[in-house]
Amino acid sequence: MDPIRIAIVGVGKIARDQHIPAINGNSAFSLAATVSPHHHGPEGIPHFASLEDLIENGPAVDAVALCTPPQVRYDLAALALAKGMHVFLEKPPGATLAEVAALESRANKVGATLFASWHSRFAAGVAPARAWLAERTVKSAKIIWREDVRVWHPGQAWIWEPGGLGVFDPGINALSIATHILPRPFFLRTATLEIPANRAAPIAADIEFRDTAGATIHMDLDWRQTGPQSWDIIVETDAGTLKLSQGGAVLTLPTGTEHNEDMEYPGLYARFANLIRGGRSDADIAPLRLVADAFLRGNRQTVEAFHD
Ligand code: NAP
């Protein structure tokens with residue numbers, strides 16, 4: 001079977017760190033081109049300043065991976081679908097819920113694959129955590145996602161703009177795991193969003209969710225963390241405590257701890273290839289819906305200005 005010719009759109013941090021190595025490591029794909037206004041991709045791969053330029057002047061491509069900030073993703077995805085290309089959306093899949101729904105119906109109409117990727121769902125501990133929880137009764141859960149924004153997002157102005165999500169940019173990764181492993185649906189009850197006086201997006205958030213059986217899920221997000229960083233989900237059940245740490249990589253059950261190899265982006269590209277070969281889409285918006293609800297129902301507090 002011929003490899004799927006794919007172009008990366010948006011040659012930034014995640015494209016360089018994860019997408020290019022994952023595509024190079026998967027024989028179902030060949031990297032046909034890169035697109036980015038300023039930064040080039042690997043030596044020898046045709047590069048274009050815009051998707052329009054690639055479409056007019058570049059090699060044929062079957063698929064695009066959109067690794068841009070979310071605010072520009074819809075226009076790029078709509079253009080790619082209009083040309084019959086399959087589309088891999090980095091997380092979050094869009095800047096609004098309605099634009100993702102519009103893309104999904106467009107993809108169905110043109111018979112192309114739309115994949116809203118959630119890389120944290122492919123972290124090593126997540127699938128076994130989901131299987132273990134499926135057999136248990138959840139009593140409560142805690143999500144603690146505290147990191148230093150200056151270390152992880154230096155100079156990323158888009159992340160502080162409307163649609164950039166602020167601290168929910170990493171927080172949505174936790175929600176992509178929680179919506180995948182917790183057996184019952186859950187929804188927001190209260191939220192406080194702390195927004196720096198000079199920014200449009202929150203630097204911290206404290207949220208209480210409740211599931212359909214009444215169990216409480218508390219989420220603590222903070223970008224002002226220095227020292228040890230936390231990307232932990234702790235679930236209390238009728239059979240003891242489950243802990244996912246290091247963003248889902250390490251799973252601790254009452255019987256012990258499992259460390260497994262990181263396969264997030266290889267897992268995402270294997271899934272994208274399967275979806276394309278099977279003529280299907282996967283555009284789960286559940287994590288983005290919970291974030292949207294936090295903005296819809298959360299209480300906003302202005303806090304000290306933030307400077308990079
Ligand atoms: P980034 O370093 O700021 O890179 C984004 C790139 O998008 C920029 O380099 C920019 O290219 C390019 N771009 C902007 N507008 C474009 C357009 N209209 N057409 C083509 N390219 C355009 O951001 P990032 O950290 O890689 O994050 C990108 C997305 O991946 C975000 O949604 C983020 O949530 C997600 N993500 C990031 C990480 C991470 O660890 N950083 C992890 C997982 C997922 P130029 O520089 O050439 O102008």
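**View 1. Residues 4–115 of the predicted model, a span that is 38% helix and 22% strand.** The C-alpha atoms at the two ends of this span lie 15 Å apart in a model that is predicted. For residues 4–115, an unreviewed UniProt entry lists "domain: Gfo/Idh/MocA-like oxidoreductase N-terminal". The domain assignment of the protein gives domain 1 as 4–116, and it gives domain 2 as 123–261 + 292–303. The centres of domain 1 and domain 2, taken over C-alpha atoms, are separated by 27 Å, and the contact takes eight residues from domain 1 and eleven residues from domain 2.

**View 2. The open six-stranded sheet, with the order β3-β2-β1-β4-β5-β6.** Pairing in this sheet is parallel. Strands β3 (47–48) and β6 (114–116) stand at the edges with a single partner strand each, so that one side of each is left without a neighbour in the sheet. Strand β4 (residues 63–66) is joined to strand β5 (residues 86–89) by four bridges in the parallel sense, and the bridge partner of Val64 in β5 is Val87.

**View 3. Helices lying across the six-stranded sheet, namely α1 and α8.** Helix α1 (residues 13–24) lies across β1 (4–9), β2 (29–35), β4 and β5, and runs at about 175° to β1. Helix α8 (residues 264–278) lies across β1, β2, β4, β5 and β6, with a direction at about 155° to β5.

**View 4. The packing of helix α3 (residues 73–82) with helix α4 (residues 97–110).** The axes of α3 and α4 come within 10 Å and cross at roughly 10°, which makes α3 roughly parallel to α4. Helix α3 contributes Tyr74, Ala77, Ala78 and Leu81 to the contact, while α4 contributes Glu99, Ala102, Leu103, Arg106, Ala107 and Val110. Classed by residue type, the contact of α3 with α4 has eight nonpolar and two charged residues, and no polar ones.

**View 5. The open sheet of nine strands, with mixed pairing.** The strand order is β14-β13-β12-β11-β7-β10-β9-β8-β15, and the edge strands, β14 (256–259) and β15 (299–303), each pair on one side only. From one strand to the next, the twist averages 10°. Strand β7 pairs with β11 in the antiparallel sense over eight bridges, and the partner of Val138 in β11 is Thr237. With β10, by contrast, β7 pairs in the parallel sense over seven bridges, and Arg146 stands opposite Asp222 in β10. Towards the β14 edge, strand β13 (residues 250–253) runs antiparallel to β14 and is joined to β14 by four bridges, with Glu258 of β14 as the bridge partner of Leu251.

**View 6. Helices α7 and α9 on the nine-stranded sheet.** Helix α7 (residues 168–181) lies across β7 (138–146), β8 (186–196), β9 (204–211), β10 (216–222), β11 (230–237) and β12 (240–245), running at about 155° to β7. Helix α9 (residues 286–297) packs on the sheet by touching β8, β9 and β15, and its direction makes about 65° with that of β8.

**View 7. The contact of helix α5 (residues 126–134) with α7.** These two helices pack at an angle of about 35°, with their axes 9 Å apart. Val126, Ala129, Arg130 and Leu133 in α5 meet Ile177, His180 and Ile181 in α7, and the residues of this contact divide into five nonpolar, one polar and one charged.

Conventions:
Residues numbered from 1 in each chain as written. Predicted model: local features only at pLDDT ≥ 70, side-chain atom pairs only at ≥ 80, totals over all residues. Heavy atoms only, no water. Pairing = 2+ DSSP bridges. Axes fitted to C-alpha atoms, helices over the stretch in contact; angles between N-to-C directions. Contact = heavy atoms within 4.5 Å. UniProt positions renumbered as here; feature names shortened; annotations may be inferred. Nonpolar A, V, L, I, M, F, W, Y, C, P; charged D, E, K, R; others polar. Parallel < 35°, antiparallel > 145°, perpendicular 65-115°, else oblique. Domains from an automatic or database assignment.
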